[in-house]
Amino acid sequence: MAVNEQLDSTIEQHDAVAVHSEGKRSTPLYIASRKVYPKAVSGYFRNLKWILTAIFLGVYYITPWIRWDRGEHAPNQAVLVDILHRRFYFFGIEIWPQEFYYVAGLLIMGGVGLFLITSVAGRAWCGYACWQTVWTDLFLVVERWIEGDRNARIRLENGPWTASRVAKFLAKNAVWLLIALATGGAWIFYFADAPTLLKSFFTGQAPFVAYATVGVLTFTTFVFAGYMREQVCIYMCPWPRIQSAMFDENSLLVTYNAWRGEPRSLHRKKALAAGQKVGDCVDCNACVAVCPTGIDIREGSQLGCITCALCIDACNEVMDKMGLPRGLISYSNTVTYNDNAAGKPTHLKASTVFRPRTLIYFTVWSLAGLLMMMSLFTRERLDVNIVPDRNPLYTKLSDGGLRNGYQLKILNMKQQPLTFRVEMQGLAEGSFAGDGLTMVSPREATVNVEADKLKNVKIYVTMPPNTVKSESSELAFKVTETGPEGDGESLVTGTVFHGPKVK
Amino acid sequence: MSKRERDEISGTETTGHTWDGLKELNTPLPRWWVWTFYVTIIWALGYSIVYPSWPLLTTNVKGLWNWSSRGDVAASLSAAQGAQKEWLDKINAADVNAINADEQLRNFAVAGGAAAFKVNCVQCHGSGAAGAVGYPNLNDNDWLWGGSLDAIYTTIQHGIRSTDDGSTRDSAMPAFADGVLDATQIDQVANYVLKLSGNEADEAAATAGAQLFTDNCASCHGADGKGMRDFGAPNLTDSIWLRFDAPTKENIVAQISKPHHGLMPAWAAKLDDATIKQLAVYVHSLGGGE
């Protein structure tokens, strides 16, 4: 297709083919992939995407370097996944491994949040927030900066390997590699003290796993964002497959309003003059040229569309030049589309966002969030486990009394060393003792537990002869924070005392 | 080159092979697949040079790196031993009481002793060290040869009635039925022993048995029947019996008439000193240690 002289001279006719067109992908099973050369575009959605990209990249790179004072007994990194010591720090929140359900809760919120976003605005995640999209965008900026925009890149790649092309190729890949290295490099700082690790990383002192992680992430970033790009979305990612089940007739999708655009015409003025019926689409292919996944939105909603909305910007630009109203390609939903197609001019109603489905998703999402917040702010930073010995269940003593052994585990999850009082409740004749305990009376002891540590004490409960009436009797231990540091938090934990079978 | 035939329906070339009129489409493998295949061949060549590969008649090609799974295990084991060396050196240098007094050393010894116990001791004493009839329960506070750290350490080192250790703990209760006491006298002594431990007994027989006990038994079990650890003679006044579950007269008569004697191997020749020390600390930690 050549530039059409019939077209308004300000509008460029793009020689663009949708390489991932639904219709064309069914031919041979294996073909060498055809490259997509997304054209630069400007407009409302492009600006929105620049802002979001800057925020996401900023959060990713800066977060591990934020400091957070937790006193002398814990690391001072705001966000830290301390795998070695089994702790997760997030600003004022510290999570122990057994509190991992908070992470499960976050995953539930993430899942339901995606349902919510998808039912409201389609693949907003894919188009704006997915790291594949964000990093591909970043790599494209580098590519345009070094090799030029779409047409220049196509010319360059179809031409010979001149010195200038080699130089551009090397420069582009070098910058990509640097970005990929910085990406993989930033990841490891979430798992160790960032300044220390940065120093040891460059002096060769960092653990092997750090280098391996950086290596793998550098490689995947480079290959995925530099060379595979839309193929990751179309062939590798499961999310596009799942979400078609989440759209309904009210979901906002990037839509080519065919009722307005068709029949499309390259020769709009001539056709209008001849009294023929023409749509607003001038078939300039701008929407195809800017598409980062190489599809033609005019073929309708499809797997390859990540709803980045860049075609909306591209089309609006053309519509402005043609003096036609914007929104030939727009965010729309099936209801609005069908009404318009049926001849009832309808505008998108904001109220469609609030429908039972989205409200239920929002309720579940906020309930999960509120429950987590409540539990986070009210949770005890003390936990006690008492595990009775199972072998032997009980020991007969020389005076005929009985003794049971227990592992008493006191988890001091606070950032300071504390003293706990351990009191025995139930089995009034009994007493207890254990290594590491300071006995106050036969039924009361104190024990010191280091900050942010678990203390494991072996304790023995002894019952005098002929006082155990049952094969299994209940007793409990009350563990209370004491001393000037403690704030009196206490927990009563029940367990059992085993004895011989009563005949 | 001959002209290639194209399948009309799919538009794909055929290979030219025909079987009973069926033609094979020439669908090439994807490039990435072919290249991956070539890479695996090159990888296999390198692998077979570096690692053990070709079988020979009696052995095999060892490979440049001389790697073997046995060598790998040996390296892991020596690495584990190396990691423990710091602690084992301290345990070797200290005596059992010093080990028990140091919290860190004690934790290490209890864990190491528990592991060694599961390998060497559970066959008789049980995995919970609760023993069985004839095999002492190590959890309770009744000790035949002493429950202090030093006594436990000595017992494990030299064993009890061990035939291959000159310093072993040794004693033997005579078989009183072999002409020492007659059946009536044994019955009287048994009644007295029942009474000693607070069990039901025939008062008249027990009274007669008291004198017999003083004459025949007190030299080892003590005048009060509380036993003597020097001879490993059990305390007969408590609730714990080694040879039977229930203290009946029949059981006691059987033991007086023809006693059973326990045997424990001497471990000094079989285990290193650090292991024996750890075992002693572990057994002492089970709740009955003195």
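These questions and answers go through a predicted model, from overall build to single residues.

Biologist: Is chain A a compact globule or more spread out?
Modeller: The globule rule gives 23 Å for 503 residues. The radius of gyration of chain A is 33 Å, well over that value, so the chain is more spread out. Its C-alpha trace spans, along the principal axes, about 115 × 60 × 45 Å.

Biologist: How many helices and strands does chain A have, and what share of its residues is buried?
Modeller: Chain A holds 16 helices and 15 strands. For contacts between residues at least 6 apart in sequence, 70% join residues at least 24 apart. Of the 503 residues, the share that counts as buried is 28%.

Biologist: Which domains make up chain A, and how many Å separate the centres of domain 1 and domain 4?
Modeller: Domain 1 is 40-61 + 130-228, and domain 2 is 67-122 + 354-379. Domain 3 covers 253-348, and domain 4 covers 382-498. Taken over C-alpha atoms, the centres of domain 1 and domain 4 of chain A are separated by 57 Å.

Biologist: What is the reach of helix 16 of chain A, and which of its residues are buried?
Modeller: Helix 16 runs over residues 356-378, which is 23 residues. At 1.5 Å a residue, 33 Å is expected, and the helix reaches 32 Å from its first C-alpha to its last. Cover for its buried residues includes helix 2 (101-121) of chain A. Those buried residues are T358(A), Y361(A), W365(A) and A368(A).

Biologist: Which residues does T218(A) contact, leaving aside neighbours within four places in sequence?
Modeller: T218(A) sits in helix 8 of chain A. It counts as buried because 20 C-beta neighbours lie inside 10 Å, and 20 is the cut-off. Its C-alpha is 6.8 Å from that of T183(A), 35 residues apart along the chain. The contacts of T218(A) are A180(A), L181(A) and G184(A).

Biologist: Where is R229(A), and what is its phi?
Modeller: R229(A) is in the loop between helix 8 (208-228) and helix 9 (230-236) of chain A. It is buried, with 24 other C-beta atoms within 10 Å. Most residues other than glycine have a negative phi. R229(A) is not a glycine, yet its phi is positive, at about 40°.

Biologist: What is the phi of A309(A), and is the residue buried or exposed?
Modeller: A309(A) lies in the loop between helix 13 (286-290) and helix 14 (310-322) of chain A. Its phi is positive, near 70°, in a residue other than glycine. With 24 C-beta neighbours inside 10 Å, A309(A) counts as buried.

Biologist: Which peptide bond is cis in the loop between helix 11 and helix 12 of chain A?
Modeller: Most peptide bonds are trans. P263(A) lies in that loop, between helix 11 (258-261) and helix 12 (268-273). With omega about -5°, the cis bond is the one joining E262(A) and P263(A).

Biologist: What is omega for the peptide bond from N391(A) to P392(A)?
Modeller: P392(A) is in the loop between strand 6 (382-388) and strand 7 (395-396) of chain A. The bond from N391(A) to P392(A) is cis, and its omega is near 0°.

Biologist: Is P484(A) buried or exposed, and how many Å lie between P484(A) and A274(A)?
Modeller: P484(A) is in the loop between strand 14 (472-482) and strand 15 (490-498) of chain A. It has 5 C-beta neighbours inside 10 Å, so it counts as exposed. P484(A) and A274(A) are 210 residues apart in sequence, and their C-alpha distance is 94 Å.

Biologist: Where is the kink in helix 8 of chain B centred?
Modeller: The 14 residues of this helix (residues 203-216) should span 20 Å, and the end C-alpha atoms are 20 Å apart, which agrees. A205(B), G209(B) and F213(B) are buried in it. Helix 7 (183-196) and helix 9 (218-221) of chain B are among what covers them. The kink is about 25°, centred on G209(B).

Biologist: How many residues does each chain give to the contact, and how does the side of chain B divide?
Modeller: Chain A gives 13 residues and chain B gives 15. The chain B side divides into 3 nonpolar, 8 polar and 4 charged.

Terms used
Residues are numbered from 1 along each chain as its sequence is written. Chains are lettered from A and ligands numbered from 1 in the order in which they are written. This is a predicted model: local features need pLDDT of at least 70, side-chain atom pairs count only at pLDDT 80 or more; totals for chains, interfaces and linings use all residues. Helices (H or I, at least four residues) and strands (E, at least two) are DSSP runs, numbered from the N terminus. The radius of gyration is taken over C-alpha atoms; the globule rule is 2.2 Å times the number of residues to the power 0.38. A residue is buried if 20 or more other C-beta atoms lie within 10 Å of its own, exposed if 12 or fewer, and partly exposed in between; C-beta atoms are placed from the backbone. Two residues are in contact if their C-beta atoms, placed from the backbone, lie within 7 Å. Ala, Val, Leu, Ile, Met, Phe, Trp, Tyr, Cys and Pro count as nonpolar, Asp, Glu, Lys and Arg as charged, and the others, Gly among them, as polar. The expected span of a helix is 1.5 Å times one less than its number of residues. The bend at a residue is the angle between axes fitted to the seven residues ending there and the seven starting there. Domain bounds come from an automatic or database domain assignment.
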